[in-house]
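Trainee: I'd like to learn how to read a few features of a protein model. Could you walk me through one with me?

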Amino acid sequence: MSEWLTKYEVQFYAFLDTQKHTDVAHDLAHINRVVKIARQLACEEQADLAIVIPAAYLHDCVSLPKDHVQRHLASTLAGDKAVDFLRSIAYPKEYYDAIYHAIRYHSFSADVKPETLEAKIVQDADRLDALGAIGIARCMQVSGAINRVLYAQDDPFCDERKPDDGRYAIDHFYNKLFRIADGLNTPSARLEGRRREKIMRIFLEQLALEI
């Protein structure tokens with residue numbers, strides 16, 4: 001399987017290189033990281049790479065800004081676009097439904113739970129890229145793009161108030177990012193998620209010292 005799948009991967013990447021990316025946190029580098037993580041998780045969890053790899057490459061082939069009114073539809077639109085593309089390159093059709101499911105169900109905004117192992121892995125891989133050192137960097141990239149202030153000066157770490165990540169970048173850690181690790185689907189992903197979360201908490205400890 002690996003040889004024929006590798007030939008398709010070249011076409012996946014070429015297709016993505018022609019697409020417009022909504023923001024710098026959802027660029028080709030993000031895609032490459034998600035594919036790398038998904039491949040590793042698929043091997044550890046014994047999932048079908050013929051589903052996981054194309055879904056990981058194409059999961060953000062439609063990406064809308066965080067504050068877009070139709071943000072919750074982005075993964076469904078991406079699934080539709082991905083299947084159209086797979087047809088155009090004659091990817092084996094028996095995988096279309098499973099790939100569509102994995103793409104549609106990967107998103108936070110869609111608020112739906114994956115049902116297959118492959119879909120769970122793609123979701124886990126995408127969410128792991130929101131944690132750790134790269135997760136911190138991506139949070140700051142998105143925050144800059146939508147004009148979030150770095151932190152609330154009167155209570156930077158939400159000790160006595162509810163997180164407001166519409167206004168503050170650091171609040172996004174408490175409102176969303178620190179909930180990811182325990183909600184990951186597979187044992188392999190949860191282990192990696194907890195490791196990455198520790199890195200983020202160390203960052204906050206250092207930030208507290210500096211401010």
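Trainee: Let's begin with the cysteines: how many disulfides does the structure hold?

Mentor: Here is the general idea to start with: a disulfide is a covalent bond between the sulfur atoms of two cysteines. Keep in mind that this is a predicted model. The structure holds zero disulfides. Take Cys-158, which is in no disulfide: its nearest cysteine sulfur belongs to Cys-139 and lies 12 Å away. A pair would need its sulfur atoms within 2.5 Å to count.

Trainee: Is Cys-158 buried or exposed? And what about Cys-43, buried or exposed?

Mentor: For that, look at the relative accessible area, where under 20% is buried and over 50% is exposed. Cys-158 has a value of 13%, so Cys-158 is buried. Cys-43 comes out at 52%, so Cys-43 is exposed.

Trainee: Now to the pockets. Which residues line the second largest pocket?

Mentor: The lining consists of Lys-36, Ile-37, Gln-40, Leu-41, Glu-44, Leu-128, Ser-188, Leu-191, Glu-192 and Arg-196. The volume of this pocket is about 200 Å³. Sorted by class, its lining has four nonpolar, two polar and four charged residues.

Trainee: Which helices each supply at least two residues of that lining?

Mentor: A general point about helices helps here: an α-helix has 3.6 residues a turn, so residues three or four places apart point the same way. In this model, helix H2 (28–45) and helix H10 (187–210) each supply at least two residues of the lining. The largest share, five residues, comes from H2.

Trainee: Let me pick one lining residue, Ile-37. What is Ile-37 in contact with, beyond its neighbours within four places in sequence?

Mentor: Ile-37 is found in helix H2. Leaving those neighbours aside, Ile-37 is in contact with Ala-125, Leu-128, Asp-129 and Arg-196. Two of these names, Leu-128 and Arg-196, also appear in the pocket lining. With a relative accessible area of 12%, Ile-37 falls under the 20% cut-off and is therefore buried.

Trainee: One last helix, please. How many of the ten residues of helix H3 are buried?

Mentor: Helix H3 spans residues 49–58 and is mostly covered, with nine of its ten residues buried. Those buried residues are Ala-50, Ile-51, Val-52, Ile-53, Pro-54, Ala-55, Ala-56, Tyr-57 and Leu-58.

Trainee: And what happens at the start of H3?

Mentor: There, look for a side chain reaching towards the backbone. A side-chain oxygen of Asp-48 comes to within 2.9 Å of the backbone nitrogen of Ala-50. Ala-50 is also one of the buried residues of H3.

How values were computed. Residues are numbered from 1 along each chain as its sequence is written. This is a predicted model: local features need pLDDT of at least 70, side-chain atom pairs count only at pLDDT 80 or more; totals for chains, interfaces and linings use all residues. Side-chain values use heavy atoms; hydrogens and water are left out. On a 1 Å grid over the protein atoms alone, a cavity is a set of points where a 1.4 Å probe fits but cannot get out, and a pocket is an open set with protein on both sides within 12 Å along at least five of seven lines; lining residues have an atom within 4 Å of a point. Grid points are joined across faces, edges and corners, and a volume is the space filled by probe spheres set on the points. Helices (H or I, at least four residues) and strands (E, at least two) are DSSP runs, numbered from the N terminus. Ala, Val, Leu, Ile, Met, Phe, Trp, Tyr, Cys and Pro count as nonpolar, Asp, Glu, Lys and Arg as charged, and the others, Gly among them, as polar. Buried means under 20% relative accessible area, exposed over 50%, partly exposed in between (1.4 Å probe, protein chains only). Contact means heavy atoms within 4.5 Å. A polar contact is a pair of N or O atoms within 3.5 Å; within protein, one must be able to donate a hydrogen and the other to accept it, and residues adjacent in sequence count only if both atoms are side-chain atoms.
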